[in-house]
Amino acid sequence: SGSSSSRHPNQVTPKKSGLKNGQMKSKDDECFGDDIDEIPDTDFDFEGNLALFDKAAVFEEIETYERRSGTRSRGTPNEKPARYRHDENILESEPIVYRRIVVPQNANKEFCTDSGLVVPSVSYELHKKLLSVAEKHGLTLERRLEMTGVCASQMALSLLGGPNRLNPKNVHQRPTVALLCGPHVKGAQGISCGRHLSNHDVHVILFLPNFVKMLESITNELNLFSKTQGQQVSSVKDLPDTPVDLVINCLDCHENAFLRDQPWYKAVVDWANQNRAPVLSIDPPINEMEQGIDAKWSLALGLPLPLGERAGRVYLCDIGIPQKVFQEVGINYHSPFGCKFVIPLHST
């Protein structure tokens, strides 16, 4: 019926002549122009046009171009498809490498950041000179110790589980950290880190051997640490028998290699290796000692030393050295840190 066809316009119904249909036809003509009968009734010759495309010649031209330009070919016949990891960029054959830090001597080892910025290592002598010049300009040892302590404690808090483990409502699962310090500036850095960890509800057990005369920086840091809930011990027997959550190693320094021959040093190293807890080393020395503690992570300060495999995964922290201080010791420096104070480094 007429009513059903109006409700279902797609149904096949006889055309009705009238003014309305005439108006629609004129609108169609205006819209589509030429009469459809004028379109030629011939099929497109796909095979003929395909024959005009010389595939072999085109691929030869692509390969020649890529050989000259040094780019990696993709999609050529008989090429094995590349496999990509989830963190690789499939649009580039190699990650972009930026060199914005240049050191005066050839670096023994180079690292790079997540974004591809090359961070060269520096010798211990150059690193020592850099800290000395920074101190001359006002970046005192105390300020450096505080900066190192904050950055190292932030990294340790992250390794301990971050907000999942450390929150005010979760007071029953306080993580335990064993902090192993020697009687030197490296040890003072560790004590500073321990104070900040204790302030953030981490149970800190600080080992420091008894010495008749301590460095002033050690005495100052110990005085502050003693005002926290942290525990200080001077005997290996007072370290935990059960595994701790994290060991922070600040036993070693660059100069006093004779400390490694001391009975207390050997006893602490044995304890750490038997405890089987993961180890974070703060500012470890370059030389890989025979009876040392293998680290899972190491935190370098300012610029990394050429650390070996026993340093584990290397991280770098910003200790606040201004750009012109780097320039004064011959280092062309642009900060690799971006919005962070601690960043991971990858061996190149």
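The second largest cavity has a volume of about 40 Å³, and it is one of two cavities of 30 Å³ or more that the structure holds. This is a predicted model. Lining the second largest cavity are His 127, Asp 283, Pro 284, Ala 300, Leu 301, Leu 303, Leu 305 and Leu 307. One of these lining residues, His 127, is also listed among the buried residues of helix H5.

**The chain as a whole**

The protein chain has 10 helices and 11 strands, and of its 348 residues 39% count as buried. Among the contacts between residues at least 6 apart in sequence, 66% join residues at least 24 apart.

**Three helices**

The table sets out the expected and modelled lengths of three helices.

| Helix | Residues | Number of residues | Expected span | Distance between end C-alpha atoms |
|---|---|---|---|---|
| H5 | 124-136 | 13 residues | 18 Å | 18 Å |
| H6 | 141-159 | 19 residues | 27 Å | 26 Å |
| H9 | 263-275 | 13 residues | 18 Å | 18 Å |

For H5, at 1.5 Å a residue, the expected span agrees with the distance between the end C-alpha atoms. The buried residues of this helix are Tyr 124, Leu 126, His 127, Leu 130, Leu 131, Val 133 and Ala 134, and what covers them includes H6, strand S8 and helix H10 (323-328). Just after H5, Gly 138 takes a positive phi of about 115°.

Within H5, Leu 131 can be followed in more detail. With a relative accessible area of 16%, Leu 131 is buried, because the cut-off for that class is under 20%. Leaving aside its neighbours within four places in sequence, Leu 131 is in contact with Arg 144, Ile 319 and Ile 321. One of these partners, Arg 144, is itself buried in H6. Leu 131 and Phe 326 lie 195 residues apart in sequence, yet their C-alpha atoms are 9.5 Å apart in space.

In H6 the buried residues are Leu 141, Arg 144, Leu 145, Thr 148, Gly 149, Cys 151, Ala 152, Ser 153, Met 155, Ala 156 and Leu 157. The helix is followed by Gly 161, whose phi is positive, near 125°.

H9 has Trp 264, Tyr 265, Val 268, Val 269, Trp 271, Ala 272 and Asn 275 as its buried residues. These residues cover an arc of only 160° around the axis, which puts them on the same side of H9. On the other side of the helix, Pro 263 and Gln 274 are exposed. The cover over the buried residues of H9 includes strand S3 (176-181), strand S4 (203-207) and strand S6 (246-250). After H9 comes Arg 276, with a positive phi near 65°.

**Strand pairing**

Strand S9 (residues 313-317) has four of its five residues buried, so it is largely enclosed by the rest of the structure. Strand S8 (residues 297-301) pairs with S9 in the parallel sense over five bridges, with Trp 297 standing opposite Arg 313 in S9. The pairing of S9 with strand S10 (residues 342-344), by contrast, is antiparallel and runs over three bridges; here Tyr 315 stands opposite Pro 344 in S10.

A separate description concerns the three strands that form an open sheet in the order S2-S1-S11, where the pairing is antiparallel. Its edge strands are strand S2 (118-120) and strand S11 (346-347), each of which pairs on one side only. Two bridges join strand S1 (residues 110-112) to S11, and Cys 112 stands opposite His 346 in S11.

**An exposed loop residue**

Thr 242 has its place in the loop between strand S5 (231-233) and S6. With a relative accessible area of 53%, Thr 242 is exposed, because that class begins over 50%. Thr 242 and Ala 277 are 35 residues apart in sequence, and the distance between their C-alpha atoms is 9.7 Å.

Key. Residues are numbered from 1 along each chain as its sequence is written. This is a predicted model: local features need pLDDT of at least 70, side-chain atom pairs count only at pLDDT 80 or more; totals for chains, interfaces and linings use all residues. Side-chain values use heavy atoms; hydrogens and water are left out. The expected span of a helix is 1.5 Å times one less than its number of residues. Buried means under 20% relative accessible area, exposed over 50%, partly exposed in between (1.4 Å probe, protein chains only). The arc is that of the directions from the helix axis to the C-beta atoms. Contact means heavy atoms within 4.5 Å. Two strands pair if DSSP finds at least two bridges between them. On a 1 Å grid over the protein atoms alone, a cavity is a set of points where a 1.4 Å probe fits but cannot get out, and a pocket is an open set with protein on both sides within 12 Å along at least five of seven lines; lining residues have an atom within 4 Å of a point. Grid points are joined across faces, edges and corners, and a volume is the space filled by probe spheres set on the points.
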